[in-house]
Amino acid sequence: MDDATYREWFPKVKDLIWNDLSQYVDQIEREGHIPHDEVIPKLAALGLYGCLVPESYGGLGLSVGQYVPVLIELSKMYAGLRGYLHAHVSASKLLEFATDEQKARIYPGVAKGEIQLAFALTEPDNGTGVDITTTARREGDVYFVSGRKHLISNCDIADYLMLVCYTDRSRGADGISVLMLPKEAPGFTWDPVGGLMGCKGAEHGRLNLDDAQVPAENLLGGVEGKGLAHALEALEESRVFIASTSLGTAERVLELSLDYATERVTFGKSISTRETVRSYLAEMATDIFALRSMLADAIAKLDRGERIPAEAAMCKQFGAEAVNRVTDRALLVHGGIGYTTQRDIERHYRDCRINMIEEGTPSIQKTVIARTFLDGYRFQDFGSQL
Ligand SMILES: Cc1cc2nc3c(=O)[nH]c(=O)nc-3n(C[C@H](O)[C@H](O)[C@H](O)COP(=O)(O)OP(=O)(O)OC[C@H]3O[C@@H](n4cnc5c(N)ncnc54)[C@H](O)[C@@H]3O)c2cc1C
């Protein structure tokens with residue numbers, strides 16, 4: 001999207017988030033479900049389902065630097081809705097690896113929100129990566145897929161689930177592919193998982209694949225064996241997106257804490273005059289500044305087309321730790337009332353816990369970071385990036 005159009009568009013997004021979507025927070029918290037019939041047309045009207053879909057296919061074609069502020073703003077308001085949109089938009093990133101025929105078939109509907117997407121990698125009985133056991137066997141023009149997935153966001157409404165599975169187990173990582181599983185595929189059912197700690201609203205179900213039939217034309221990119229590489233490349237951006245959501249939540253709770261510290265009086269003095277409270281606020285702001293700086297660097301590199309496995313994992317990991325610390329400090333600033341649903345701190349505190357888990361746990365992030373440096377990666381001289 002060109003800069004002039006973006007400058008007109010983004011204030012409309014902020015307006016939608018704060019003056020329209022905010023009406024659903026209490027309902028979603030209470031019921032645990034996003035009212036899709038009402039929310040989808042609102043997001044679609046501003047093209048939000050097509051943030052990463054190229055303009056030539058009817059999308060917004062946002063750069064990473066243009067999309068990140070959307071996630072930040074949504075996270076400031078309500079992480080439940082950002083979780084839902086993030087799952088769709090990040091899955092749409094995988095379509096970059098699709099064939100021209102697949103792009104023409106799917107991108108326009110994805111951009112309009114008429115085709116909803118999910119990404120299905122995690123398994124209940126196995127680790128993530130080469131340890132998965134979901135397997136597809138091809139017979140003629142059909143793949144028959146068997147296995148189990150779980151915690152798959154948006155599985156209730158996804159028209160296509162970007163399913164990571166083996167197409168040739170004998171080839172290890174090079175035998176993993178992504179199949180675009182249609183929701184109506186014979187042999188495919190799902191069950192709700194439910195009962196989330198926070199980030200409520202989207203369904204994160206268990207997929208049952210019993211010889212589920214996927215047309216061979218739905219093999220992403222038309223070539224077997226590229227699935228893990230594609231998923232890992234897409235994950236780089238996605239980890240930066242999670243770090244952005246950490247930033248959004250952290251900035252929001254700092255704002256709420258500054259307000260509360262100023263308004264709350266004990267022993268005749270505002271608590272904002274107390275050294276301990278000031279030190280909490282200072283620590284929160286410092287974490288936020290560090291995360292902003294890391295993200296600025298990572299986003300610039302992504303928008304220059306660079307691969308950044310280490311930086312993406314560092315942003316994701318530091319961001320998750322930072323937002324956990326910041327919400328913890330925010331709770332301390334608020335005292336007891338912060339522990340109740342009368343204040344939004346309670347919700348933000350729960351919601352951001354997912355940022356530690358989503359798109360890989362700390363051990364995965366640290367493995368990626370250490371491996372990248374041990375393989376020879378080094379930062380450029382600091383002066384060259386100023
Ligand atoms: C709300 C929500 C939404 C989600 N959405 C999706 C989605 O849309 N699509 C999807 O595919 N997944 C999704 N997930 C799953 C999520 O990506 C995984 O839960 C996460 O990656 C961790 O994997 P796991 O649950 O299998 O944990 P496990 O792998 O069981 O890890 C448990 C612990 O063991 C450690 N551990 C495991 N293996 C190793 C190892 N080899 N070395 C060292 N430590 C190890 C981990 O670091 C962690 O601390 C979602 C999860 C949640 C909660």
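**Figure 1. Strands β3 and β7 run side by side in antiparallel fashion.** In this predicted model, β3 covers residues 142-153 and β7 covers residues 204-215. Nine bridges link the two strands. To find your bearings along the pair, look for R148, which stands opposite N208 of β7.

**Figure 2. Strand β6 also pairs with β7.** Here the partner of β7 is β6, made up of residues 188-191. The two strands are antiparallel and are joined by four bridges. N208 is a handy landmark once again: T189 stands opposite this residue of β7. N208 therefore appears in both strand views, facing R148 in one and T189 in the other. As a general reminder for reading such close-ups, side chains in a regular strand alternate between the two faces of the sheet.

**Figure 3. Three domains make up the assignment for this protein.** Domain 1 takes in residues 3-112, domain 2 residues 117-225 and domain 3 residues 228-377. The strands of the earlier views, β3 and β7, have residue ranges of 142-153 and 204-215. For the remaining views we turn to domain 1 and domain 3, whose C-alpha centres are 22 Å apart.

**Figure 4. Domain 1 meets domain 3 across an interface of about 2000 Å² of buried area.** Carbon and sulfur atoms account for 65% of that area. On the domain 1 side, V64, K76 and F97 together provide 27% of the area buried against domain 3, more than any other three residues. The contact involves 22 residues of domain 1 and 26 residues of domain 3.

**Figure 5. Salt bridges and polar contacts cross from domain 1 to domain 3.** Four salt bridges are found across this interface. A good one to zoom in on joins the side chains of K76 and E251, with an N to O distance of 3.4 Å. K76 is also one of the three residues named above for their share of the buried area. Polar contacts between the two domains number ten residue pairs.

**Figure 6. Helices α2, α4 and α5 contribute to the face that domain 1 turns to domain 3.** Each of these helices, α2 (25-31), α4 (64-77) and α5 (79-93), supplies at least two residues of the touching side. The largest share, nine residues, belongs to α4. By residue type, this side of domain 1 consists of 13 nonpolar, five polar and four charged residues.

Note on methods:
Residues are numbered from 1 along each chain as its sequence is written. This is a predicted model: local features need pLDDT of at least 70, side-chain atom pairs count only at pLDDT 80 or more; totals for chains, interfaces and linings use all residues. Side-chain values use heavy atoms; hydrogens and water are left out. Domain bounds come from an automatic or database domain assignment. Contact means heavy atoms within 4.5 Å. Buried area is the accessible area (1.4 Å probe) that two parts lose on being put together, summed over both. A polar contact is a pair of N or O atoms within 3.5 Å; within protein, one must be able to donate a hydrogen and the other to accept it, and residues adjacent in sequence count only if both atoms are side-chain atoms. Ala, Val, Leu, Ile, Met, Phe, Trp, Tyr, Cys and Pro count as nonpolar, Asp, Glu, Lys and Arg as charged, and the others, Gly among them, as polar. Two strands pair if DSSP finds at least two bridges between them.
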